[in-house]
Amino acid sequence: MHSVIGSCEERMKKTIASLKDGYAALRTGRASAALFDKIKVDYYGEKTPLNQTATISAPEARLIVIQPWDKSQIGEIEKAIHSSELSLNPSNDGKVIRIAIPPLTEERRKELVKQAKSQAEQSRVAVRNIRRDGNEELKKFLKEKELTEDEESKNSEELQKLTDSYIKQIETVLEEKESEIMEV
């Protein structure tokens with residue numbers, strides 16, 4: 001029966017990982033290579049992730065440097081950044097692309113915090129749905145006499161503790177992201 005708890009925990013871990021991935025793409029006032037994770041470049045006719053065509057680094061808090069492995073791709077990379085929803089203005093010197101990360105306005109910060117809270121809420125709902133699925137599975141085992149009522153109750157309590165711990169992790173991740181966004 002611990003397989004029910006184990007599979008629920010696996011799914012909850014994936015929910016936290018997914019939230020962190022989502023947060024990595026949220027632009028804060030700080031330079032981060034993760035901002036470019038979702039950008040795809042037309043690389044010889046193939047849509048290829050930017051990080052598979054260039055080295056992306058953040059040498060300063062508000063600067064990103066993108067060094068294409070193939071210098072002929074610099075225009076394509078620049079075009080992909082321009083057409084992304086990041087609203088960034090890349091400039092290139094023929095060898096590397098530099099992107100200054102402008103500080104966020106107060107209004108934009110509040111908008112980003114709202115997005116972060118919304119993503120956290122979706123994650124909380126996902127974790128609760130996983131708990132519900134786990135409890136339904138436990139009830140099915142009880143009905144099929146594979147579990148006693150005591151075992152079902154104990155497993156259900158364990159599932160609730162697991163849910164509480166993952167909800168708490170979501171809160172921690174959200175608080176960290178909020179303070180990162182509000183940092184001037």
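This note walks through a four-stranded sheet, the helix packed on it, and one buried residue, Glu78.

1. A word on the basis: this is a predicted model, where local features need pLDDT of at least 70, side-chain atom pairs count only at pLDDT 80 or more, and totals for chains, interfaces and linings use all residues. Residues are numbered from 1 along each chain as its sequence is written, and side-chain values use heavy atoms, leaving out hydrogens and water.

2. Start with the open sheet, whose four strands follow the order β3-β4-β6-β5 with antiparallel pairing. Strands here are DSSP runs of E with at least two residues, helices are runs of H or I with at least four, and both are numbered from the N terminus; two strands pair if DSSP finds at least two bridges between them. Because β3 and β5 (90-92) each have a single partner strand, they stand at the edges, with one side lacking a neighbour in the sheet. From one strand to the next, the twist averages 25 degrees.

3. Next, the pairs. β3 (residues 54-60) and β4 (residues 63-68) are joined by five bridges and form a hairpin with two residues between them. Three bridges link β5 to β6 (residues 97-100), and Asn92 has Ile97 as its bridge partner in β6.

4. Finally, look at Glu78 in helix α2 (residues 74-83). Glu78 is buried (under 20% relative accessible area, 1.4 Å probe, protein chains only). Beyond its neighbours within four places in sequence, Glu78 is in contact (heavy atoms within 4.5 Å) with Pro90, Ser91, Asn92 and Ile97.

Notes. Buried < 20%, exposed > 50% of the residue type's maximum accessible area, 1.4 Å probe, protein only. Lys, Arg positive; Asp, Glu negative; His and termini not counted. Salt bridge = Lys/Arg side-chain N within 4 Å of Asp/Glu carboxyl O. Axes fitted to C-alpha atoms, helices over the stretch in contact; angles between N-to-C directions.
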